[in-house]
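Trainee: Could you teach me how to read a structure with more than one chain? I would like to take it feature by feature.

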Amino acid sequence: MADVSVYGPIGAGLAAIGTGAAAIGVAIIFGNYLNGALRNPSAAAAQFTNAIIGAALAEGLGIFAFLIAILLYLKA
Amino acid sequence: MNPTEQFELQRIAPYFINGVDVSFTNASLYMLLAASAAIILTIFATSKRALVPGRGQALAEVLYEFVANTVRSTAGKEGMRFFPFVFTLFTFILMSNLIGLVPYTYSLSSQIVLTFAFAAFVLLLVILYGLYRHGFGFLRLFVPHGVPAPVLVILIPIEIISFLSRPVSLSVRLFANILAGHITLAVFGGLAVMLLGAGSWAALAPVPVLGVVVLYALELLVNCLQAFVFTVLTCVYLNDAIHPGH
């Protein structure tokens, strides 16, 4: 019926779509940072740390999705 | 080809107390290695105390200034009393990440136990220091400024839940990043071996090896970045304890 060896890899593939969403999130953050940096280059260096923190937070959530994919794949 | 074989614990010196397994495992060995690497680095780098620093001393000064700037810019002057703790955290996580990148070693921060221990300790530190410093005014952290009362009823549980999910996200971020990187490296290495053993496909074997090289560079960046992000978020959470309320 609901066999983990059958539906596990399907679930793992679905969960890994979340990593694509994380890539979009990180790209939005850095895209906005570059946008602002090109308008105001002298203020860009001060905000680079914030950009890195924001990117790490966004990527962290995508890593959660990847983790679920790994767990399902290893279980199946 | 099992990519998760590299994360298995092996007992180096088995030792049981009343049936509880407290043997010296390879994880313990690498923890000692990471801690002693950090200690030896800082001791040897600062032993000369020259006014014009040599290379080793310059490295330690760069590390010190980097962490000190991070603490000062996120947590302010009063946050500097946490500087030894934050510096230790940063150096230990950085050393354990870098040691884990060497082939055939055991990567410490890919164990959720270790990262969750750190994250839970940071959470406890935030709560206890906030209560010690501000008493129950620390709970003002969950009540943002200028919010009407009906919204507050929904907002306070949301704030509390998001506060309690901080150690979870902190630990899982570091753990899953390192785990994913090492599994990917192992899978690519396995691909190279499988191609080499498949007869005429061996001509394609350099492609996964190139992939391993590129991924290794990415892993180096990600490991250092994740150590930095853990430290910065620790400083931000400590700032919440020192200056509660938005």
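Mentor: We will go from the overall form of one chain to a core and then to a single loop residue. This is a predicted model, in which local features need pLDDT of at least 70, side-chain atom pairs count only at pLDDT 80 or more, and totals for chains, interfaces and linings use all residues. Residues are numbered from 1 along each chain as its sequence is written, while chains are lettered from A and ligands numbered from 1 in the order in which they are written.

Trainee: How many helices and strands are there in chain A?

Mentor: Helices (H or I, at least four residues) and strands (E, at least two) are DSSP runs, numbered from the N terminus. Chain A has three helices and zero strands. Its C-alpha trace spans about 60 × 15 × 10 Å along the principal axes.

Trainee: What does the radius of gyration of chain A look like beside that of a compact globule?

Mentor: This radius is taken over C-alpha atoms, and the globule rule is 2.2 Å times the number of residues to the power 0.38. For 76 residues, a compact globule would be near 11 Å, but chain A has 18 Å.

Trainee: How many residues does each chain bring to the contact?

Mentor: Two residues are in contact if their C-beta atoms, placed from the backbone, lie within 7 Å. Chain A gives nine residues and chain B gives eleven.

Trainee: Which residues of H3(B) are buried?

Mentor: A residue is buried if 20 or more other C-beta atoms, placed from the backbone, lie within 10 Å of its own, exposed if 12 or fewer, and partly exposed in between. The buried residues of H3(B) include B:Val86, B:Phe90 and B:Ile93. H3(B) has 19 residues.

Trainee: Which residues touch the most other members of the largest nonpolar core?

Mentor: A nonpolar core is a set of buried Ala, Val, Leu, Ile, Met, Phe, Trp, Tyr and Cys residues joined through C-beta atoms within 7 Å. The largest one has 43 residues, and B:Val86, B:Phe90, B:Ile93, B:Ala176, B:Phe230 and B:Leu238 touch the most other members. H7(B) gives the most to this core, with ten residues. Leaving aside residues up to four places away in sequence, B:Phe90 touches B:Val67, B:Ala227 and B:Thr231.

Trainee: Is B:Tyr104 buried or exposed?

Mentor: B:Tyr104 counts as exposed because it has 5 C-beta neighbours inside 10 Å. B:Tyr104 sits in the loop between helix H3 (83-101) and helix H4 (112-134) of chain B.

Trainee: What is the phi of B:Tyr104?

Mentor: Most residues other than glycine have a negative phi. For B:Tyr104, phi is near 70 degrees, a positive value in a residue other than glycine.

Conventions. The expected span of a helix is 1.5 Å times one less than its number of residues.
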